[in-house]
Amino acid sequence: MTWLDDHRKMGNAVTGHQLQHQARRLNSDADFKASAGWLRSFKRRHSLSSRVKTYSISQKLPADYKVEEKIIQFHRYVIQLRERHKYPLDDIINKLIFMFIGYLLIFIHN
């Protein structure tokens, strides 16, 4: 458990595959497989669960998050893309709406 605890203290996500790999590495029994069943039992014994980290707009933003600054940065980014790729103004929404969502999610994450 030390390996797992160390990774979790550092804020690193640990996958089931990583746990299985580490268990195989540490186990001296050549027949030990660290199967999916073993992983399920290991997680149950140690009260572990699999979770997915999400970054959705519905999450509460930190108190010091500067929304206006992020919007200005996004506007600059769109203008740079428009100039670089010569996008007509009437194409901006159609081509960049999905980029905006991804860009905003990246900023929320950072």
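A residue counts as buried when its relative accessible area is under 20%, and as exposed when that value is over 50%. The exercises below apply these cut-offs to a predicted model.

**Exercise 1. Determine whether A34 and S47, two residues with a positive phi, are buried or exposed.**

Step 1. Begin with the backbone angles: phi of A34 is near 50°, and phi of S47 is near 55°, and each of these is a positive value in a residue other than glycine. Such values deserve a second look because most residues other than glycine have a negative phi.

Step 2. Place each residue along the chain. A34 belongs to the loop between α2 and α3, whereas S47 belongs to the loop between α3 and α4, the helix that spans residues 67-85.

Step 3. Apply the cut-offs. A34 has a relative accessible area of 2%, which is under 20%, so A34 is buried. S47 stands at 69% relative accessibility, which is over 50%, and therefore counts as exposed.

**Exercise 2. Work out how the buried residues of helix α3 are arranged around its axis, and which helix they pack against.**

Step 1. List the residues concerned: within α3, which covers residues 36-45, the buried ones are W38, L39, F42 and K43.

Step 2. Consider their directions from the helix axis. They cover an arc of only 130° around that axis, and therefore lie on the same side of α3.

Step 3. Look at what is on either side. The buried residues of α3 pack against α2, while the face turned away from the buried side carries the exposed residues R40, R44 and R45.

**Exercise 3. Identify the residues of the largest nonpolar core and the helix that gives the most to it.**

Step 1. The largest nonpolar core has 8 residues, namely L4, L19, A23, A34, W38, L39, F42 and L48.

Step 2. Assign the core to helices: α2 and α3 each supply at least two of its residues, and α3 gives the most, with 3 residues.

Step 3. Connect this with the earlier solutions. A34, the buried loop residue with a positive phi, is one of the core residues, and W38, L39 and F42, which are among the buried residues of α3, belong to the core as well.

**Exercise 4. Decide whether Q20 is buried or exposed, and find which residues it touches beyond four places away in sequence.**

Step 1. Q20 lies in helix α2, and its relative accessible area of 9% is under 20%, so Q20 is buried.

Step 2. Leaving aside residues up to four places away in sequence, Q20 touches A34, S35, A36, W38 and L39. Among these partners, A34, W38 and L39 are also members of the largest nonpolar core.

**Exercise 5. Describe the largest pocket by its volume, its lining and the helices that contribute to it.**

Step 1. The largest pocket holds about 520 Å³ of space, and of the 16 residues that line it, A13, V14, S49, S50 and R51 are the closest to its centre.

Step 2. Sorted by character, the lining divides into 5 nonpolar, 7 polar and 4 charged residues.

Step 3. Two helices, α1 (2-9) and α2 (16-26), each supply at least two residues of this lining.

**Exercise 6. State how many helices and strands the protein chain has, and what percentage of its residues is buried.**

Step 1. The protein chain has 5 helices and 0 strands, which follow the pattern α-α-α-α-α along the sequence.

Step 2. Buried residues make up 20% of the 110 residues in the protein chain.

Step 3. As for contacts between residues at least 6 apart in sequence, 34% of them join residues at least 24 apart.

Note on methods. Residues are numbered from 1 along each chain as its sequence is written. This is a predicted model: local features need pLDDT of at least 70, side-chain atom pairs count only at pLDDT 80 or more; totals for chains, interfaces and linings use all residues. Side-chain values use heavy atoms; hydrogens and water are left out. On a 1 Å grid over the protein atoms alone, a cavity is a set of points where a 1.4 Å probe fits but cannot get out, and a pocket is an open set with protein on both sides within 12 Å along at least five of seven lines; lining residues have an atom within 4 Å of a point. Grid points are joined across faces, edges and corners, and a volume is the space filled by probe spheres set on the points. Helices (H or I, at least four residues) and strands (E, at least two) are DSSP runs, numbered from the N terminus. Ala, Val, Leu, Ile, Met, Phe, Trp, Tyr, Cys and Pro count as nonpolar, Asp, Glu, Lys and Arg as charged, and the others, Gly among them, as polar. Buried means under 20% relative accessible area, exposed over 50%, partly exposed in between (1.4 Å probe, protein chains only). The arc is that of the directions from the helix axis to the C-beta atoms. Contact means heavy atoms within 4.5 Å. A nonpolar core is a set of buried Ala, Val, Leu, Ile, Met, Phe, Trp, Tyr and Cys residues joined through side-chain atoms within 4.5 Å.
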